[in-house]
Structure formats: C-alpha cells, structure tokens
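Trainee: Could you take me through one part of this model closely? I'd like to look at the metal site.

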Amino acid sequence: MERTCLAVILAAGDSTRMKSSKSKVLHAVANRPMIAHVVDAVAKSDIASVALVVGRDAEEVARAAGVGGVAIETCLQKERLGTGHAVLAAREAIARGYDDIIVTYGDVPLQTDGPLKAARQGLAEGSDIVVIGFHTDTPTGYGRLLVKDGELIAIREEKDATDAERTVTWCNSGLMAINGRKALDLLSRIGNGNAKGEYYLTDLVEIARSLGGRVTAVDAPEVEMTGCNNRAELAAIERLWQERRRRELMISGVTMIAPETVFLSYDTLIGQDALIEPNVVFGPGSVVEGGAVIHAFSHIEGAHVSAGAAVGPFARLRPGADLAVGAKVGNFCEVKNGKIGQGAKVNHLTYIGDAKIGAGANIGAGTVTCNYDGVNKSETLIGENAFIGSNSSLVAPVSIGDNAYVGSGSVITSDVPADALALGRARQDVKPGRATLLRERALAIKAAKKAAG
Ligand code: UD1
Ligand code: MG
C-alpha cells in the first residue's frame with residue numbers, strides 16, 4: 001500500500017537577516033514569492049497534505065503559498081523559538097498519523113521533487129530520520145553533517161561548531177524526512193541548550209540515534225539546496241534559477257545568443273526555434289511561440305507572441321499584448337492590451353493601447369492610440385490591410401475600416417469607413433519665393449543689431 005505523507009513547510013522565521021519589512025519567504029525569485037516555488041516542488045512530490053507553518057505576515061504568506069494543486073492547512077507558530085519548535089506548530093496535523101513526515105523550508109526555493117522523494121524512500125527502507133545533505137565549497141552559515149565510522153551522528157550549527165567542525169563541507173539543507181509514527185515523540189525531546197537558545201530541528205539526529213533509531217542521509221545537488229538568508233543570497237538564488245531555466249529552454253530548442261543577459265519569469269514559455277537576442281527581460285505571464293524572434297533590449301510581460309512574429313529591438317509588450325502569426329512590433333514601440341493581426345506591422349515609435357489591429361495593417365511611425373481621456377479608457381479598432389500614416393493620433397473610441405488610409409500627421413476623432421481616405425490635419429499652403437524674403441529680413445535684423453553694438 002502507498003505510504004501516506006504530510007509535508008511541513010517552515011515559513012514562520014523572523015527573517016532578521018533579510019532586513020526587510022516583509023517575511024523572507026514573500027521575496028520573489030523569478031517574479032514569484034519563494035514560498036510558491038517551494039509549494040510547487042512539494043506538490044510535484046505526490047504529497048497531498050501540506051501544513052504550512054506561518055508567523056510573521058501569516059495571511060500574506062498563506063495567500064502566496066496557494067498556488068493550486070495541493071490542499072494547505074496553515075499552522076501559526078506564535079513565538080519564533082527555532083526550527084524544531086516550528087515543526088511542532090503542526091502538531092495537530094502530525095498527530096493525525098502519517099507514515100512519512102517531510103520537513104522542508106520556505107527559504108530554499110530551488111528545491112525540486114527529486115530529493116524529497118529520495119528522502120521518503122529512505123524512510124520506506126527503515127530509517128527514522130533521513131537528512132537531505134549537500135556538498136559545497138562555501139559552507140559558511142549552514143549546519144554541518146558530522147560523520148563517524150561512516151554514520152551520520154549529528155548536525156552541528158555554525159554557531160555551535162568547533163573550528164574543526166567548521167571545516168566540514170557536507171551541509172544540512174534543512175530538508176528532512178521523519179518516521180511519521182515516531183515524529184511527535186522525537187520532536188518533543190528537542191531542547192534549547194545551544195548558542196542561540198533555540199529549539200533546533202537538527203537535534204533530531206542525535207535524539208533518534210540515542211533511542212536506537214536509524215539515521216541516514218541522502219545527497220542533493222548544491223544548487224537546489226541553496227538557502228536564502230539575506231539579500232546577497234537572494235540575488236545568488238535568482239542567478240541560479242535563471243541559469244537553470246535558460247538551460248532548460250535552450251535544451252528544448254530555444255536559441256539564446258547571450259543567455260546570461262536574458263531574464264525569465266517563473267512561468268515564461270518559449271517554443272522551439274524561437275530566437276531570443278541579448279538583453280531581453282520577461283515579466284510574468286508571457287508565451288513566445290516557436291519560430292518567433294525577440295530582438296535585443298525588449299521587455300515582455302503578460303504577452304503572447306505567435307509563431308513567426310518579431311518583436312523589437314527596444315520594444316515593450318505589456319499585459320494583453322497579443323501578436324498573431326507573423327506580426328511585427330519594432331523599435332521603440334509599446335503595446336498594451338492590443339491585438340496585432342496576422343502579418344500586421346507596427347514598426348517604429350508607436351503606442352498601441354486598448355486596440356485591435358486587423359491582419360495585414362500597416363501602422364506608420366509615431367502613431368499613437370489615444371486610449372485615455374484622463375478618466376476612462378476607450379478602444380481603437382483598425383481594420384484589415386488599413387494603412388495609418390506616420391505621426392497620426394487615433395483618439396479613441398474610434399474605428400478605421402478595412403483597407404482605409406489615414407494621411408500622415410492626422411488627428412482622427414471620428415470613424416473612418418472601409419476603403420476611405422481620412423485626412424485630419426491642416427491643408428498645406430505653399431508661398432513661392434517667400435523663403436528668400438524671410439531669410440533677407442532675418443539677415444537685415446542681424447546686421448542692424450551688430451551696427452548698434
Ligand atoms: C537552518 C538549519 C541549518 C541548515 C539551514 C539550511 C536549523 C537549526 N538549522 O538554518 O542546519 O543548514 O537551515 O538553509 O534547523 N523558521 C520558522 N520558525 C522558527 C525559525 C525558523 O518557521 O522559529 C523557518 C524560517 O522561516 C525558514 C526556515 O525555518 O524558512 C529556516 O530558518 P532559518 O532561520 O533560515 O535557519 P538557518 O539559520 O538558515
Ligand atoms: Mg535559512
């Protein structure tokens with residue numbers, strides 16, 4: 001029969017070292033709160049029951065953790081007395097009786113399902129405690145795994161460690177699996193006689209061994225187990241996340257010329273044979289289909305770019321930008337809540353907001369959809385194969401029919417029917433020879449001023 005499992009996610013810490021007005025686990029990695037990344041990894045480990053231990057900013061943390069797919073009960077840790085104390089905030093849930101208890105930390109956002117599954121396997125094979133460890137060249141700050149005669153005998157926190165113990169490079173990730181039938185008994189034996197005066201979850205190793213229980217460790221990749229305690233570590237985790245995701249996308253068939261300059265969001269999707277040039281930033285909610293090209297220095301958020309479409313260089317796609325197959329949005333253009341039809345071109349210096357542009361339309365340089373009157377937003381409709389001359393202002397609500405022409409420099413305030421030409425500008429007036437007169441007059445004024453000293 002399948003083993004039952006409860007995951008306890010610790011997210012109640014005071015985040016002192018983050019020096020922040022909000023909880024550490026609310027800080028974002030790839031535009032998503034750290035805690036949501038952790039819940040996602042847990043959900044992928046086939047664990048249906050999750051107890052989330054919250055303290056500071058409890059409501060916001062619970063909300064950020066609600067990423068779907070798994071039922072979460074929140075447990076309040078009223079005082080922050082350490083990781084061992086925090087797990088006991090989930091006492092009621094643990095007491096319901098599970099085969100496996102997984103403890104994981106809200107501040108280890110790169111974790112995946114792999115190590116969690118390996119730790120549960122250790123329980124299935126008879127261990128009472130399975131510690132998830134990792135090897136690193138930079139162990140400072142982590143608890144160290146101490147081994148004697150090939151057995152894990154203790155975890156020593158940095159602050160409590162001797163100089164010799166601090167040279168150990170096998171570290172505690174914080175993630176751990178505990179025999180669910182023994183968990184409450186083991187946890188209730190943790191004391192706080194250490195440098196920080198806290199109840200350390202890590203003491204379980206010695207406690208379980210002293211009771212004759214079996215304690216083992218499994219190894220996880222260092223990248224996945226990187227913890228976040230301050231802003232420098234947050235930046236390092238962001239870098240690791242970006243490197244991992246860029247690589248996944250490249251392996252799946254996306255070309256990036258300078259991947260280290262491309263920044264992705266947690267949910268950015270890019271199809272095979274898309275080309276992403278240097279210095280492109282993706283905000284949340286974007287999809288780039290296969291074969292599309294994103295030229296350099298573009299910023300893309302909440303947008304859909306269909307196959308064969310081209311964006312940039314220096315373009316900004318904001319939420320609701322939707323480019324059909326083969327559409328083009330060129331340099332210094334901004335699109336917000338705008339559908340750009342198949343093969344339509346918005347090539348230079350243009351703002352398209354709250355608009356629908358038909359297939360094959362051509363929007364000239366410097367066109368602006370004037371969608372906001374200071375109070376309300378209104379829509380601009382542009383028909384198929386319409387041609388908007390450069391430097392036109394389309395004052396919404398307004399519609400331009402199929403195949404219509406708008407003359408350059410027009411301010412269009414009323415609808416233009418299909419196939420019509422609309423001119424909304426002053427008529428040109430040409431005065432032959434007048435330039436010569438003007439120039440002579442200007443030179444005379446200059447000479448008079450000079451003579452007057
Ligand atoms: C902890 C481990 C350390 C390990 C490291 C890995 C202990 C004693 N130490 O240290 O061995 O190498 O993680 O990153 O377990 N939390 C609560 N309530 C509390 C205290 C903490 O919910 O009272 C939560 C925090 O929100 C955080 C997690 O537990 O998500 C870890 O706490 P933190 O203070 O960051 O522990 P570390 O010092 O990093
Ligand atoms: Mg930590």
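Mentor: Let's start at the metal site and then step back to the whole protein. This is a predicted model, where local features need pLDDT of at least 70 and side-chain atom pairs count only at pLDDT 80 or more, while totals for chains, interfaces and linings use all residues. Residues are numbered from 1 along each chain as its sequence is written, chains are lettered from A and ligands numbered from 1 in the order in which they are written, and side-chain values use heavy atoms, with hydrogens and water left out.

Okay, the magnesium ion (ligand 2): Asp-107 (OD) and Asn-229 (OD1) coordinate it at 2.3 to 2.4 Å. Donors here are N, O and S atoms within 2.8 Å of the metal (3.2 Å for Na, K and Ca), and water is not among the atoms, so sites may look incomplete. The two residues sit 122 residues apart and link distant parts of the chain. Asp-107 is in the loop between β6 (100-105) and α5 (113-124), and Asn-229 is in the loop between α9 (222-225) and α10 (231-251). Helices are DSSP runs of H or I with at least four residues, and strands are runs of E with at least two, numbered from the N terminus.

Now, how covered are they? Asp-107 is buried at 12% relative accessible area, and Asn-229 is buried too, at 17%. Buried means under 20% relative accessible area, exposed over 50%, and partly exposed in between (1.4 Å probe, protein chains only).

Stepping back, 47% of the protein's 453 residues count as buried. The protein has 11 helices and 35 strands, and its C-alpha trace spans about 105 × 65 × 40 Å along the principal axes.
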